[in-house]
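Colleague: Before I rely on the labels attached to this model, I would like to hear how each of them was reached. Could we go through them one by one?

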Amino acid sequence: MITRALLALALATPGTVEVSVDEVMSHLQAFQAIADAHGGNRAAGESGYDASADYVAARLRAAGYEVELQPFVFPFYRELSAAKLSGKKAFPKVSTLVFSGSGRASGRPRRAGDGCLPRSFAEFRAGQVAVVQRGACPFQVKAVNARRAGASALVIVNQGGPFGGSLETPQSIPVVGVSAAVGKQVAAQRRVRVVTRTASEQRVTYNVIAQTKAGNANKVVMVGAHLDSVPDGPGINDNASGSAAILELAEQVAKAKPDRAIRFAWWGAEEEGLLGSIHYVMQLDDAAREKIKAYLNLDMIGSPNPTFGIYDGDDSDKEGAGPGPKGSARIERAFERWFTAKGLPYQGTDFSGRSDYGPFIQVGIPAGGLFTGADSDKTAAEAKVFGGEAGKPLDKCYHLPCDSLANVNRTALRTSAEAVAAVLAKLAWRS
Ligand SMILES: [Zn+2]
(Lines give C-alpha, C1' and ligand atoms only; values in the text may rest on other atoms or scores of the structure.)
Protein backbone atom coordinates (compact mmCIF):
# COMPACT_ATOMS: atom_id res chain seq x y z
CA MET A 1 0.00 0.00 0.00
CA ILE A 2 1.44 3.36 -0.94
CA THR A 3 0.80 6.59 0.87
CA ARG A 4 -2.16 8.67 -0.24
CA ALA A 5 0.19 11.37 -1.43
CA LEU A 6 2.09 8.94 -3.64
CA LEU A 7 -1.14 7.46 -4.97
CA ALA A 8 -2.39 10.94 -5.84
CA LEU A 9 0.88 11.63 -7.66
CA ALA A 10 0.64 8.37 -9.58
CA LEU A 11 -2.90 9.17 -10.68
CA ALA A 12 -2.01 12.74 -11.55
CA THR A 13 0.69 11.93 -14.11
CA PRO A 14 1.05 12.04 -16.97
CA GLY A 15 -1.40 14.70 -18.05
CA THR A 16 -3.09 14.23 -21.35
CA VAL A 17 -6.19 16.02 -22.56
CA GLU A 18 -8.17 14.46 -25.39
CA VAL A 19 -10.49 16.58 -27.50
CA SER A 20 -13.10 15.47 -30.00
CA VAL A 21 -13.51 17.59 -33.12
CA ASP A 22 -17.10 16.28 -33.40
CA GLU A 23 -17.84 17.82 -30.01
CA VAL A 24 -16.23 21.10 -31.06
CA MET A 25 -18.35 21.04 -34.25
CA SER A 26 -21.52 20.40 -32.24
CA HIS A 27 -20.81 23.55 -30.19
CA LEU A 28 -20.28 25.47 -33.44
CA GLN A 29 -23.67 24.25 -34.64
CA ALA A 30 -25.21 25.48 -31.40
CA PHE A 31 -23.63 28.95 -31.86
CA GLN A 32 -24.85 29.05 -35.48
CA ALA A 33 -28.38 28.16 -34.35
CA ILE A 34 -28.19 30.91 -31.71
CA ALA A 35 -27.15 33.49 -34.33
CA ASP A 36 -29.94 32.31 -36.66
CA ALA A 37 -32.49 32.76 -33.89
CA HIS A 38 -31.20 36.21 -32.88
CA GLY A 39 -31.01 38.34 -35.99
CA GLY A 40 -27.90 36.76 -37.48
CA ASN A 41 -25.32 37.82 -34.90
CA ARG A 42 -23.99 37.16 -31.39
CA ALA A 43 -22.64 40.66 -30.73
CA ALA A 44 -22.05 42.14 -27.26
CA GLY A 45 -25.15 43.82 -25.89
CA GLU A 46 -27.45 41.82 -28.21
CA SER A 47 -29.64 38.82 -27.36
CA GLY A 48 -27.47 36.51 -29.47
CA TYR A 49 -24.55 37.15 -27.13
CA ASP A 50 -26.60 36.52 -24.02
CA ALA A 51 -27.88 33.25 -25.52
CA SER A 52 -24.28 32.24 -26.32
CA ALA A 53 -23.25 32.96 -22.72
CA ASP A 54 -26.26 30.97 -21.44
CA TYR A 55 -25.29 28.03 -23.65
CA VAL A 56 -21.69 27.99 -22.39
CA ALA A 57 -22.78 28.41 -18.76
CA ALA A 58 -25.35 25.58 -19.01
CA ARG A 59 -22.80 23.19 -20.54
CA LEU A 60 -20.27 24.08 -17.84
CA ARG A 61 -22.77 23.56 -15.03
CA ALA A 62 -23.76 20.21 -16.48
CA ALA A 63 -20.07 19.25 -16.42
CA GLY A 64 -19.89 20.12 -12.72
CA TYR A 65 -18.41 23.61 -12.80
CA GLU A 66 -19.43 26.57 -10.72
CA VAL A 67 -19.89 29.31 -13.28
CA GLU A 68 -19.27 32.99 -12.74
CA LEU A 69 -21.01 35.49 -14.99
CA GLN A 70 -18.92 38.61 -14.58
CA PRO A 71 -20.89 41.68 -15.64
CA PHE A 72 -19.42 44.91 -16.95
CA VAL A 73 -20.80 48.00 -18.61
CA PHE A 74 -19.74 49.10 -22.08
CA PRO A 75 -20.82 51.80 -24.55
CA PHE A 76 -23.18 50.24 -27.09
CA TYR A 77 -23.90 51.87 -30.43
CA ARG A 78 -25.84 51.03 -33.59
CA GLU A 79 -27.02 53.32 -36.36
CA LEU A 80 -30.56 52.15 -37.10
CA SER A 81 -31.17 54.37 -40.12
CA ALA A 82 -29.30 57.07 -41.99
CA ALA A 83 -29.29 60.64 -40.67
CA LYS A 84 -31.45 63.28 -42.32
CA LEU A 85 -30.78 66.99 -42.31
CA SER A 86 -33.03 69.46 -44.05
CA GLY A 87 -33.83 73.14 -44.28
CA LYS A 88 -35.81 74.39 -47.25
CA LYS A 89 -34.54 71.21 -48.88
CA ALA A 90 -32.79 68.03 -47.81
CA PHE A 91 -29.00 68.19 -47.61
CA PRO A 92 -26.86 65.40 -49.08
CA LYS A 93 -24.15 63.24 -47.47
CA VAL A 94 -24.96 63.75 -43.82
CA SER A 95 -23.33 61.24 -41.47
CA THR A 96 -24.44 60.25 -38.00
CA LEU A 97 -21.48 60.45 -35.64
CA VAL A 98 -20.84 57.24 -33.72
CA PHE A 99 -22.56 57.45 -30.28
CA SER A 100 -24.93 60.18 -31.49
CA GLY A 101 -28.20 60.34 -29.59
CA SER A 102 -31.40 59.32 -31.34
CA GLY A 103 -34.20 61.72 -32.12
CA ARG A 104 -35.65 64.48 -34.23
CA ALA A 105 -34.91 68.10 -33.55
CA SER A 106 -35.86 71.25 -35.31
CA GLY A 107 -34.76 74.76 -34.59
CA ARG A 108 -32.89 77.80 -35.74
CA PRO A 109 -29.32 76.96 -36.70
CA ARG A 110 -26.74 78.94 -34.77
CA ARG A 111 -22.99 78.99 -35.22
CA ALA A 112 -20.94 78.41 -32.08
CA GLY A 113 -17.35 78.64 -33.33
CA ASP A 114 -15.49 75.40 -32.80
CA GLY A 115 -17.70 74.52 -29.81
CA CYS A 116 -14.70 73.63 -27.66
CA LEU A 117 -15.44 75.94 -24.73
CA PRO A 118 -18.72 76.70 -22.96
CA ARG A 119 -18.27 80.34 -23.94
CA SER A 120 -18.49 79.34 -27.61
CA PHE A 121 -22.20 79.07 -26.84
CA ALA A 122 -22.54 82.43 -25.05
CA GLU A 123 -25.21 83.78 -27.42
CA PHE A 124 -26.97 80.47 -27.66
CA ARG A 125 -30.68 79.91 -26.91
CA ALA A 126 -32.15 76.62 -25.79
CA GLY A 127 -33.70 74.58 -28.59
CA GLN A 128 -31.47 75.98 -31.31
CA VAL A 129 -29.42 73.68 -33.53
CA ALA A 130 -25.72 74.22 -32.87
CA VAL A 131 -23.44 74.48 -35.92
CA VAL A 132 -19.74 74.18 -35.07
CA GLN A 133 -16.47 73.77 -36.95
CA ARG A 134 -14.59 70.51 -36.84
CA GLY A 135 -11.22 70.56 -35.05
CA ALA A 136 -9.37 71.98 -32.01
CA CYS A 137 -10.95 69.48 -29.55
CA PRO A 138 -12.61 66.03 -29.54
CA PHE A 139 -16.11 65.72 -31.01
CA GLN A 140 -17.30 64.61 -27.58
CA VAL A 141 -16.34 67.98 -26.03
CA LYS A 142 -18.37 69.84 -28.66
CA ALA A 143 -21.38 67.58 -28.03
CA VAL A 144 -21.26 67.99 -24.25
CA ASN A 145 -20.94 71.77 -24.50
CA ALA A 146 -23.81 71.94 -27.02
CA ARG A 147 -26.10 69.83 -24.84
CA ARG A 148 -25.28 71.90 -21.74
CA ALA A 149 -26.09 75.06 -23.68
CA GLY A 150 -29.52 73.59 -24.47
CA ALA A 151 -28.91 72.67 -28.13
CA SER A 152 -31.54 70.34 -29.59
CA ALA A 153 -28.96 68.91 -32.03
CA LEU A 154 -25.40 69.47 -33.16
CA VAL A 155 -24.08 69.80 -36.70
CA ILE A 156 -20.29 69.52 -37.02
CA VAL A 157 -18.88 71.13 -40.17
CA ASN A 158 -15.73 69.85 -41.87
CA GLN A 159 -13.10 72.03 -43.54
CA GLY A 160 -13.42 69.74 -46.58
CA GLY A 161 -15.86 67.09 -47.76
CA PRO A 162 -18.23 64.80 -45.85
CA PHE A 163 -16.75 63.01 -42.83
CA GLY A 164 -17.53 60.64 -40.01
CA GLY A 165 -16.19 60.22 -36.51
CA SER A 166 -16.87 58.99 -33.01
CA LEU A 167 -18.11 60.80 -29.91
CA GLU A 168 -16.46 58.09 -27.75
CA THR A 169 -19.38 57.80 -25.30
CA PRO A 170 -23.16 57.76 -25.79
CA GLN A 171 -24.66 61.25 -26.17
CA SER A 172 -28.25 62.29 -25.69
CA ILE A 173 -28.67 64.75 -28.60
CA PRO A 174 -28.44 63.99 -32.34
CA VAL A 175 -24.96 64.78 -33.70
CA VAL A 176 -24.28 64.79 -37.44
CA GLY A 177 -21.29 65.63 -39.63
CA VAL A 178 -21.38 67.56 -42.93
CA SER A 179 -19.02 69.00 -45.54
CA ALA A 180 -17.91 72.65 -45.53
CA ALA A 181 -20.27 73.39 -48.44
CA VAL A 182 -23.32 71.87 -46.72
CA GLY A 183 -22.36 73.54 -43.44
CA LYS A 184 -22.46 76.95 -45.07
CA GLN A 185 -25.96 76.31 -46.44
CA VAL A 186 -27.18 74.93 -43.12
CA ALA A 187 -26.06 78.04 -41.24
CA ALA A 188 -27.97 80.23 -43.72
CA GLN A 189 -31.36 78.51 -43.11
CA ARG A 190 -34.07 80.00 -40.89
CA ARG A 191 -34.89 76.55 -39.54
CA VAL A 192 -33.32 73.12 -39.89
CA ARG A 193 -34.50 69.66 -39.01
CA VAL A 194 -32.13 66.92 -37.84
CA VAL A 195 -33.24 63.30 -37.61
CA THR A 196 -31.08 60.46 -36.33
CA ARG A 197 -32.11 56.95 -35.40
CA THR A 198 -29.58 55.16 -33.20
CA ALA A 199 -29.20 52.89 -30.20
CA SER A 200 -26.59 54.73 -28.16
CA GLU A 201 -26.38 53.79 -24.51
CA GLN A 202 -24.44 52.01 -21.78
CA ARG A 203 -25.27 48.30 -21.78
CA VAL A 204 -24.26 45.40 -19.58
CA THR A 205 -22.51 42.34 -20.97
CA TYR A 206 -20.69 39.42 -19.34
CA ASN A 207 -17.55 37.36 -19.22
CA VAL A 208 -18.21 33.67 -18.48
CA ILE A 209 -15.62 32.15 -16.13
CA ALA A 210 -15.15 28.69 -14.62
CA GLN A 211 -12.28 26.86 -12.94
CA THR A 212 -11.47 23.21 -12.30
CA LYS A 213 -12.03 22.16 -8.69
CA ALA A 214 -8.80 20.15 -8.85
CA GLY A 215 -5.32 21.64 -9.07
CA ASN A 216 -3.35 24.25 -7.18
CA ALA A 217 -5.46 27.41 -7.18
CA ASN A 218 -2.34 29.48 -6.46
CA LYS A 219 -0.79 28.41 -9.77
CA VAL A 220 -3.50 28.84 -12.34
CA VAL A 221 -3.30 28.13 -16.07
CA MET A 222 -5.88 30.20 -17.91
CA VAL A 223 -7.44 29.53 -21.30
CA GLY A 224 -9.62 32.12 -23.00
CA ALA A 225 -11.54 32.94 -26.16
CA HIS A 226 -13.87 35.79 -27.04
CA LEU A 227 -17.47 34.76 -27.23
CA ASP A 228 -18.91 37.81 -29.01
CA SER A 229 -19.25 38.25 -32.76
CA VAL A 230 -19.31 41.48 -34.74
CA PRO A 231 -22.81 42.90 -35.32
CA ASP A 232 -22.62 42.01 -39.03
CA GLY A 233 -22.50 38.23 -38.79
CA PRO A 234 -22.73 35.02 -36.76
CA GLY A 235 -18.98 34.96 -36.04
CA ILE A 236 -18.44 31.23 -36.38
CA ASN A 237 -14.74 31.29 -37.24
CA ASP A 238 -14.34 34.60 -35.36
CA ASN A 239 -14.69 33.38 -32.70
CA ALA A 240 -17.16 30.59 -32.05
CA SER A 241 -14.22 28.41 -33.16
CA GLY A 242 -12.07 29.37 -30.17
CA SER A 243 -15.09 29.43 -27.84
CA ALA A 244 -16.18 25.94 -28.90
CA ALA A 245 -12.67 24.51 -28.59
CA ILE A 246 -12.18 25.74 -25.04
CA LEU A 247 -15.69 24.58 -24.09
CA GLU A 248 -14.72 21.09 -25.25
CA LEU A 249 -11.46 21.40 -23.28
CA ALA A 250 -13.38 22.44 -20.18
CA GLU A 251 -15.74 19.48 -20.53
CA GLN A 252 -12.79 17.13 -20.98
CA VAL A 253 -10.84 18.34 -17.95
CA ALA A 254 -13.85 18.73 -15.65
CA LYS A 255 -13.09 15.40 -13.98
CA ALA A 256 -9.30 15.48 -14.48
CA LYS A 257 -6.74 16.03 -11.75
CA PRO A 258 -4.32 18.68 -13.05
CA ASP A 259 -1.52 19.85 -10.75
CA ARG A 260 -2.43 23.44 -11.49
CA ALA A 261 -6.00 24.69 -11.52
CA ILE A 262 -7.29 25.45 -15.02
CA ARG A 263 -9.46 28.54 -15.41
CA PHE A 264 -11.54 29.08 -18.54
CA ALA A 265 -12.83 32.43 -19.73
CA TRP A 266 -15.22 33.38 -22.52
CA TRP A 267 -14.75 37.11 -23.05
CA GLY A 268 -17.46 39.61 -23.87
CA ALA A 269 -17.09 42.68 -26.11
CA GLU A 270 -13.71 41.75 -27.62
CA GLU A 271 -14.84 43.19 -30.93
CA GLU A 272 -15.53 46.53 -29.18
CA GLY A 273 -11.87 46.77 -28.11
CA LEU A 274 -10.93 43.79 -25.84
CA LEU A 275 -13.34 45.20 -23.25
CA GLY A 276 -14.10 41.94 -21.40
CA SER A 277 -10.51 40.82 -20.97
CA ILE A 278 -9.40 44.35 -20.04
CA HIS A 279 -12.14 44.50 -17.42
CA TYR A 280 -11.13 41.10 -16.08
CA VAL A 281 -7.41 41.85 -15.79
CA MET A 282 -7.98 45.33 -14.33
CA GLN A 283 -10.22 44.10 -11.54
CA LEU A 284 -7.66 41.52 -10.36
CA ASP A 285 -5.48 42.66 -7.47
CA ASP A 286 -1.73 42.00 -7.56
CA ALA A 287 -2.06 38.75 -5.60
CA ALA A 288 -4.70 37.41 -7.99
CA ARG A 289 -2.62 38.39 -11.05
CA GLU A 290 0.42 36.72 -9.55
CA LYS A 291 -1.48 33.42 -9.33
CA ILE A 292 -2.05 33.28 -13.11
CA LYS A 293 1.06 31.54 -14.41
CA ALA A 294 0.10 31.36 -18.08
CA TYR A 295 -2.69 32.46 -20.41
CA LEU A 296 -3.59 30.68 -23.65
CA ASN A 297 -5.73 32.54 -26.19
CA LEU A 298 -7.72 31.18 -29.10
CA ASP A 299 -9.14 33.66 -31.59
CA MET A 300 -9.98 32.28 -35.07
CA ILE A 301 -8.72 28.71 -35.29
CA GLY A 302 -10.78 27.30 -38.18
CA SER A 303 -10.03 29.71 -41.03
CA PRO A 304 -11.16 28.40 -44.43
CA ASN A 305 -7.82 29.00 -46.21
CA PRO A 306 -5.65 28.51 -43.13
CA THR A 307 -2.09 28.98 -42.04
CA PHE A 308 -1.03 27.82 -38.57
CA GLY A 309 0.25 30.82 -36.68
CA ILE A 310 1.79 30.41 -33.23
CA TYR A 311 1.94 33.66 -31.25
CA ASP A 312 5.54 34.84 -31.49
CA GLY A 313 6.10 35.14 -27.73
CA ASP A 314 9.91 35.40 -27.97
CA ASP A 315 9.91 37.78 -30.97
CA SER A 316 12.17 35.36 -32.87
CA ASP A 317 10.52 36.60 -36.09
CA LYS A 318 11.62 40.19 -35.28
CA GLU A 319 8.36 41.46 -36.67
CA GLY A 320 5.93 44.03 -35.28
CA ALA A 321 5.59 43.93 -31.49
CA GLY A 322 8.48 42.86 -29.24
CA PRO A 323 8.64 39.74 -27.06
CA GLY A 324 5.99 38.89 -24.45
CA PRO A 325 6.59 38.47 -20.71
CA LYS A 326 9.11 35.84 -19.62
CA GLY A 327 7.44 32.47 -20.00
CA SER A 328 5.75 33.37 -23.30
CA ALA A 329 8.71 31.91 -25.19
CA ARG A 330 8.25 28.61 -23.36
CA ILE A 331 4.58 28.46 -24.40
CA GLU A 332 5.52 29.21 -28.00
CA ARG A 333 8.11 26.40 -27.91
CA ALA A 334 5.51 23.96 -26.51
CA PHE A 335 3.28 24.67 -29.52
CA GLU A 336 6.22 24.41 -31.93
CA ARG A 337 7.23 21.03 -30.49
CA TRP A 338 3.71 19.69 -30.89
CA PHE A 339 3.51 20.75 -34.56
CA THR A 340 7.01 19.40 -35.21
CA ALA A 341 6.20 16.05 -33.57
CA LYS A 342 3.10 15.76 -35.78
CA GLY A 343 5.08 16.68 -38.88
CA LEU A 344 2.82 19.71 -39.41
CA PRO A 345 3.93 23.12 -40.66
CA TYR A 346 3.59 26.29 -38.58
CA GLN A 347 4.83 29.87 -38.58
CA GLY A 348 5.05 32.72 -36.10
CA THR A 349 2.29 35.29 -35.84
CA ASP A 350 3.14 38.71 -34.42
CA PHE A 351 2.48 39.10 -30.68
CA SER A 352 0.64 42.32 -31.36
CA GLY A 353 -1.74 42.28 -28.39
CA ARG A 354 -4.68 42.58 -30.81
CA SER A 355 -6.74 39.93 -29.06
CA ASP A 356 -7.61 39.11 -25.46
CA TYR A 357 -4.08 38.10 -24.48
CA GLY A 358 -3.15 41.82 -24.84
CA PRO A 359 -4.26 42.85 -21.33
CA PHE A 360 -2.52 39.78 -19.84
CA ILE A 361 0.88 40.49 -21.36
CA GLN A 362 0.46 44.15 -20.38
CA VAL A 363 0.56 43.13 -16.71
CA GLY A 364 3.37 40.62 -17.18
CA ILE A 365 1.45 37.34 -17.46
CA PRO A 366 3.08 34.96 -19.98
CA ALA A 367 0.79 34.12 -22.88
CA GLY A 368 0.55 32.20 -26.10
CA GLY A 369 -1.93 30.84 -28.56
CA LEU A 370 -2.89 29.98 -32.10
CA PHE A 371 -4.35 31.88 -35.02
CA THR A 372 -5.24 30.47 -38.44
CA GLY A 373 -5.71 33.78 -40.22
CA ALA A 374 -8.08 36.68 -40.86
CA ASP A 375 -8.51 38.99 -43.86
CA SER A 376 -4.93 39.11 -45.13
CA ASP A 377 -4.15 37.21 -48.32
CA LYS A 378 -2.26 33.93 -48.33
CA THR A 379 1.17 34.50 -49.83
CA ALA A 380 2.67 32.20 -52.43
CA ALA A 381 5.23 31.07 -49.84
CA GLU A 382 2.44 30.26 -47.37
CA ALA A 383 0.50 28.32 -50.01
CA LYS A 384 3.60 26.23 -50.63
CA VAL A 385 3.89 25.37 -46.94
CA PHE A 386 0.24 25.09 -45.91
CA GLY A 387 -1.54 24.36 -49.19
CA GLY A 388 -4.67 26.30 -50.05
CA GLU A 389 -5.06 29.27 -52.35
CA ALA A 390 -2.36 31.92 -52.75
CA GLY A 391 -3.57 35.48 -53.28
CA LYS A 392 -6.87 34.72 -51.54
CA PRO A 393 -7.81 35.82 -48.01
CA LEU A 394 -7.11 33.38 -45.18
CA ASP A 395 -10.69 34.07 -44.11
CA LYS A 396 -12.76 35.55 -46.93
CA CYS A 397 -15.70 36.00 -44.53
CA TYR A 398 -13.82 37.90 -41.82
CA HIS A 399 -16.37 40.10 -40.00
CA LEU A 400 -18.99 39.40 -42.68
CA PRO A 401 -22.43 37.74 -42.65
CA CYS A 402 -20.91 34.69 -44.41
CA ASP A 403 -18.77 33.80 -41.35
CA SER A 404 -21.08 30.83 -40.84
CA LEU A 405 -20.58 27.10 -40.25
CA ALA A 406 -19.73 26.68 -43.94
CA ASN A 407 -16.81 29.08 -43.44
CA VAL A 408 -14.98 26.78 -41.02
CA ASN A 409 -12.19 24.43 -42.08
CA ARG A 410 -12.72 21.31 -39.97
CA THR A 411 -9.11 20.11 -40.31
CA ALA A 412 -7.73 23.46 -39.14
CA LEU A 413 -10.17 23.44 -36.25
CA ARG A 414 -9.21 19.93 -35.26
CA THR A 415 -5.46 20.55 -35.47
CA SER A 416 -5.74 23.76 -33.44
CA ALA A 417 -7.93 22.17 -30.76
CA GLU A 418 -5.57 19.20 -30.41
CA ALA A 419 -2.52 21.46 -30.24
CA VAL A 420 -3.98 23.62 -27.50
CA ALA A 421 -5.09 20.51 -25.58
CA ALA A 422 -1.52 19.20 -25.65
CA VAL A 423 0.00 22.52 -24.59
CA LEU A 424 -2.60 22.94 -21.85
CA ALA A 425 -1.69 19.48 -20.53
CA LYS A 426 2.00 20.47 -20.49
CA LEU A 427 1.27 23.66 -18.57
CA ALA A 428 -1.25 22.28 -16.09
CA TRP A 429 0.36 18.96 -15.22
CA ARG A 430 3.44 20.39 -13.62
CA SER A 431 3.83 21.61 -10.08
ZN1 LIG B 1 -11.76 37.59 -32.98
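Modeller: Let us begin with the sulfur atoms: a disulfide is a pair of cysteine sulfur atoms within 2.5 Å. Please keep in mind throughout that this is a predicted model.

Colleague: How do you know that Cys116 and Cys137 form a disulfide?

Modeller: Their sulfur atoms are 2.1 Å apart, and the cut-off is 2.5 Å, so the pair counts as a disulfide. The torsion about the S-S bond of Cys116 and Cys137 is about -90°, so this disulfide is left-handed. Along the chain the two cysteines are 21 residues apart, with Cys116 in the loop between β4 and β5 and Cys137 in the loop between β5 and α4.

Colleague: What makes Cys116 and Cys137 buried or exposed?

Modeller: Buried means under 20% relative accessible area. Cys116 has a value of 14% and is therefore buried, and Cys137, at 18%, is buried as well.

Colleague: Which cysteine is joined to Cys397, and how do you know?

Modeller: Cys397 is joined to Cys402, with an S to S distance of 2.1 Å, which again has to be set against the cut-off of 2.5 Å. This link is left-handed too, with -115° about the S-S bond. As for accessibility, Cys397 has 4% and is therefore buried, whereas Cys402 has 36%, and because that value lies between the limits of 20% and 50%, Cys402 is called partly exposed. By this rule the count comes to 2 disulfides, and, with bonded cysteines counted along the chain, they follow the pattern 1-2, 3-4.

Colleague: Why is the site of the zinc ion called irregular?

Modeller: The 4 donor atoms make angles of 52 to 148°, and a tetrahedral site needs all angles between 85 and 135 degrees, so that label fails; a square planar site needs opposite donors over 155 degrees apart, so that one fails too, and anything else is irregular.

Colleague: Which protein atoms are the donors of the zinc ion, and how do you know that they qualify?

Modeller: They are NE2 of His226, an OD atom of Asp238 and, listed twice, OD of Asp299, lying 2.0 to 2.7 Å from the zinc ion; the limit is 2.8 Å, so they qualify, although water is not among the atoms and the site may look incomplete. Along the chain these donors follow the spacing H-x11-D-x60-D. His226 belongs to strand β9 and Asp238 to helix α6, 12 residues apart.

Colleague: What makes His226 and Asp238 count as buried?

Modeller: The limit is 20% relative accessible area; His226 has 1% and is therefore buried, and Asp238, with 4%, is buried by the same reasoning.

Colleague: How much space lies in the largest pocket, and which residues lie nearest its centre?

Modeller: About 750 Å³ of space lies in the largest pocket. Its lining has 32 residues, and Thr349, Ser352, Arg354, Phe371 and Ala374 lie nearest the centre. By class, this lining has 7 nonpolar, 13 polar and 12 charged residues, and β13 supplies the largest share, 3 residues.

Colleague: What is the make-up of the lining of the second largest pocket?

Modeller: That lining has 8 nonpolar, 2 polar and 7 charged residues. The second largest pocket holds about 300 Å³ of space, and Ile292, Lys293, Ala294, Lys326 and Pro366 lie nearest its centre. Strand β11 gives the most to the lining, with 3 residues.

How values were computed:
Residues numbered from 1 in each chain as written. Predicted model: local features only at pLDDT ≥ 70, side-chain atom pairs only at ≥ 80, totals over all residues. Heavy atoms only, no water. 1 Å grid on protein atoms, 1.4 Å probe; cavity = no way out; pocket = protein on both sides within 12 Å on 5 of 7 lines; lining within 4 Å. Points joined across faces, edges and corners; volume = space filled by probe spheres on them. Helix = DSSP H or I, 4+ residues; strand = E, 2+ residues; numbered from the N terminus. Nonpolar A, V, L, I, M, F, W, Y, C, P; charged D, E, K, R; others polar. Donors = N, O, S within 2.8 Å, 3.2 Å for Na, K, Ca; no water. Tetrahedral: all angles 85-135°; square planar, octahedral: opposite > 155°, others 65-115°. Buried < 20%, exposed > 50% of the residue type's maximum accessible area, 1.4 Å probe, protein only.
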